[in-house]
Every structure is written in structure tokens, then in C-alpha cells.
Amino acid sequence: MLGAAPATAATHYFPDISEKSVPKARCGPGALAEPGLQGEVSAEDRNSGRSTAGYRCNLTQLGNVRGAGGGIVSATFDHCSYTGSLFPGDNFVKQPGVQVVDASNPQRPQVVGSLTDPAMRGGTWETLKVNRQRKLLAATAVPLLWGGGLFAIYDISDCAHPVLLNAGGPGLATPLPFTSHEGGFSPDGRTYWASGLSPGHLSAIDVSDPSRPRVIWQGLHSLLGHGFGISPDGNRMYLSNMAGITVLDISAVQRRAPYPQVPHLAAYLWPDGQLNQHSIPITHRSRPYIITADEGGSGGVKIFDVSSVDRPRYAAQIKLEINLPDNLDRNLRSSMGGSLFSSNPHYCAVDRPADPTTLACGWESSGIRVFDIRDFTRIREIAYFNPPARKGATLVDAPNSPHVLGSVIGVPAVDFLSLGMSMAHGKVKLGDVIGPRSGMVIGGDMSTDWCLSPPEFHGNELWTTCADGGFYALALSPKVYTPPADQQSTIG
């Protein structure tokens, strides 16, 4: 069912490793500013307990509800947020599965229910997504990194009271033939795409009739598949792979061709970043671009002009100081004892898909970071919020936190390859990695939180979840952000 790659498909390699960070945010009154490098939570702040107060700059907390922890990727719609579930811990709480948070009063958000279909209780990982056009919420079951078979789709017209639409299956007795790690809707909401981790298995699930979802195409595209972004017309997919993006023509599936083929159009690869996470297709000054985030390797966020898919142009890169090659020794020194992830973007959102003014990202242990992107040549940080660390959190009080689960080890393993590259290029020295937390190889101490979900725009507010702290409603200072009249938070 997979079409052969056309002869014109090409691989484009971008060797540039940015050694510049975007300008720091200038903090207004009431800030608790980072004292060191931009994005850093130092070893000293972690050990002293200073990180339990958090850090903030032009972005303040309105309300918070922790629940059992924030899972990995959550979603919002209207006045509600849906907390991604992490198997098996999400099943051992008062309200199992995906928690429904009512944030109609953002200063007092409340958990008002939960979604308990087997797909929701099986762990939604990075598959819990909303299609605003059709007012649908869907996810697949991913117990640990990789899953398949179970799919649930809900009507969220009344966002606080979702209604399961495929109650007759696929359930435990009626699984669908797909695998997943990530997932998401086509822009028109008629197709839900599930991407398996490894091998690179991709499936298209027809949800035109949500009561009867069915797989209409699937194939293998590469060694590893992660998240993706889909062009507004639904015809092109920018699929994340190990260290870049695979571009696929999915127009045959979009138009429901009888025997659809999905050709490879191109691949974009780069050395400074591993595990590319997802992409956001946008237009900027009437030209199509993608904004894409690297989950590991300190690659930051990259922006490409994709007006010609076979001649992409590298337009901009967003890194914090803690991500620069010269600082990766300090990055590891600070991150030891924090478990797998350190300071990388995971999921991002723009405030509108056409000429976005602002980008907000969950930046793992660096919290929520917000950037002015109106001019790609002058991108700057305008705000951040790094939530108070929940030091001492355990599976008893936060069974839905991947950070708690991952803290059986203390090493930030996903950044070792980038550190090795910096050492090979003479940027850092191994001796500079040694610090007061270097012995924390086994067992993490929860001295930061992990902010993995996209911070979604709701007027001058950002709604998101972090792994340990759960749901946060945050307010952007009017001095740094004015919501555009056509605001439409978009994650790709």
C-alpha cells in the first residue's frame, strides 16, 4: 500500500549548528528571574531548594490543578483541558484515564470528570489531540512508547461533558490494525493519523463517520516515526524522524482515492538535534513555512521556508543559552539527577497559523518559553514560566507523571550525543561536566518539572500541563503580548 519514492525525491542536509541564542526576555515587575544562563536551572539551585519556588518573567500563574500529574501531551478546547494519561499509574486514581479540567474560571480550574474508554486508560502518550473544526477529541492507547489497536473519539461540543462516539469499538475485543506513539488529525478532521515509533509505521484512520473509524491506508516510511504537522489543505505531511523530517504527499488519502499511494517528496536532516518532535505548518508573508522542534540534542526550534518542497530554505533557529554548543558541559552539570530530559523544546504552539506573532513552547526542564516571531530575522524571547519543582514527588501522589516514572535514573540520557559532538569540536571539556550532582546516576530528585505539552493560547492566557504540576493557566503581561483579533492557537 506504500507508494515508491519518486526519482525526484531528495535528501537535504543542513549542517549549520547555531551558536547564537535568542535575546533574553526583559522582565517586568514581580519577576522571579533566572539567575544564570537563559533556560538553566543550576545544580546549586536544585540542591538548595531554590528551584521549588520556580522562575517567572512576564508570565504569571492564574490557577493550577495538579490532579495525579500532567501526563505527556494534553489538549485544550473552549474552556476545558484534557490531561494526557500515563499507563498504568492513571488507572490507580479516583478518576482514572484522561482527566477533564474545567477552566472556565482560570483562577480556579477543577477536575470535573474523566474519560475511561480503554484507549484513554491505556495511556495516551502523544496522541491526545483536538480538531476544533469538528469539535472532536481522539487518542490511541500507548502503554509505553509504543502501542496499537485501541482508538477512542469523543464529541466535545460540550467540552466539560465529552461523549464517546465509537462506543461499539474499537475496544479490547475489536482492535483496529494500527500502531502508534503519536497521533493527530488532518486539518478538516476527517482523518486521524497514527504514527508508530519504530519501525516507522504510519496509519490513516478514516473518522468521517466517528462512530465507525476504519484504517484506510498504512505503510512504512523510515526507521523511526514521531510527530508531524499537516499542511492546511491536508495534502502534505511533515513527519518527524530521528534527526529531521520526512515530507510525504498524502493527497491521495485526503481526497479518498480508491487505492491511495503516499510518495516520499523529500527529507530534511541536520546534526544538532535528535528526535525531532513535531512541526507546525504556517504562512509568513504569504509563503509557507514550518516551525519544527527537536526533543533532544539541544537543537532547539528551526524554521524552514517550504515554498518549494524540493528546495527548502533554512530561515531561522531558536535556541536558549543553555542549548548552545559552548554550554553543553554546563547543561549536563546542571541536569544530572533530573532524569532523561534536560532543556529542549517538546511541543509548541503558535497564536495563529497565518503570520503568527508569537510562539510558545514547553521546554522540558526550562519550563514554558514564549517568543516574538513576527520577524524571523529578529526573534526574541518575551516571557517564561518555569513551575515550582515538586521535589519529593512519588508515584503515590503523582502516578500520572512521566517525570516521576523516569526518575528511577538520574542521567539526562537524550543529550549525550550532542555533548559528544561539542567535545569533538573542541567546544567543551569533559572535566567541566563534573559538579555537585555528578554522582546522581541512579535516582532523580525531581528538582525541576518537565513541561512537555503545548502551551495553547486563550486570549492573553496560556493553558498547558507539566508532568509533575498538572494543569496551569498562565497570564502573559500585556506589556509583551496583545492577542490578535484572529487568534487561533495551532500546534500543527
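**Close-up 1. Leu476 and its surroundings in strand E32.** In this predicted model, Leu476 sits in strand E32, which covers residues 470-476. Is Leu476 buried or exposed? With a relative accessible area of 2%, Leu476 counts as buried, because the cut-off for that label is under 20%. Skip the neighbours within four places in sequence, and Leu476 is in contact with Asn58, Leu59, Val370, Ala383, Phe457, Asn460, Leu462 and Tyr481. Take Phe457 from that list: Phe457 and Leu476 are 19 residues apart along the chain, and their C-alpha atoms are separated by 9.9 Å.

**Close-up 2. The largest nonpolar core.** This core has 22 residues. Which of them touch the most other members? They are Ile291, Val301, Ile318, Leu359, Phe371, Ile373 and Ile379. Several strands chip in with at least two residues each: E22 (274-284), E23 (287-296), E24 (301-305), E25 (313-318), E26 (347-350) and E27 (358-362). The largest share, three residues, comes from E23. As a general note, nonpolar side chains in soluble globular proteins tend to be buried together.

**Close-up 3. Leu359 and its contacts.** Here we zoom in on Leu359, one of the core residues that touch the most other members. Leaving aside neighbours within four places in sequence, its contacts include Ile280, Ile291, Val301 and Ile318. Cys348, Ala349 and Val350 are also in contact with Leu359, as are Arg369, Val370, Phe371 and Ile373. Phe457 rounds off the list; that residue also turns up among the contacts of Leu476. Apart from this core lies another one, of 20 residues, with Tyr82, Ala119, Ala141 and Ala160 among them.

**Close-up 4. Strand E19 and its two hairpins.** Why is strand E19 (residues 236-241) described as largely enclosed by the rest of the structure? Five of its six residues are buried, so that description fits. On one side of the story is strand E18 (residues 228-230), which pairs with E19 in the antiparallel sense over three bridges. Phe228 has Leu239 in E19 as its bridge partner. The E18-E19 hairpin has five residues between the strands, and Gly234 in the turn has a positive phi of about 80°.

Then comes strand E20 (residues 244-249), which runs antiparallel to E19 and is joined to it by six bridges. Look for Tyr238, whose bridge partner in E20 is Val247. The hairpin from E19 to E20 goes through two residues.

Note on methods:
Residues numbered from 1 in each chain as written. Predicted model: local features only at pLDDT ≥ 70, side-chain atom pairs only at ≥ 80, totals over all residues. Heavy atoms only, no water. Core = buried A, V, L, I, M, F, W, Y, C linked by side-chain atoms within 4.5 Å. Buried < 20%, exposed > 50% of the residue type's maximum accessible area, 1.4 Å probe, protein only. Helix = DSSP H or I, 4+ residues; strand = E, 2+ residues; numbered from the N terminus. Contact = heavy atoms within 4.5 Å. Pairing = 2+ DSSP bridges.
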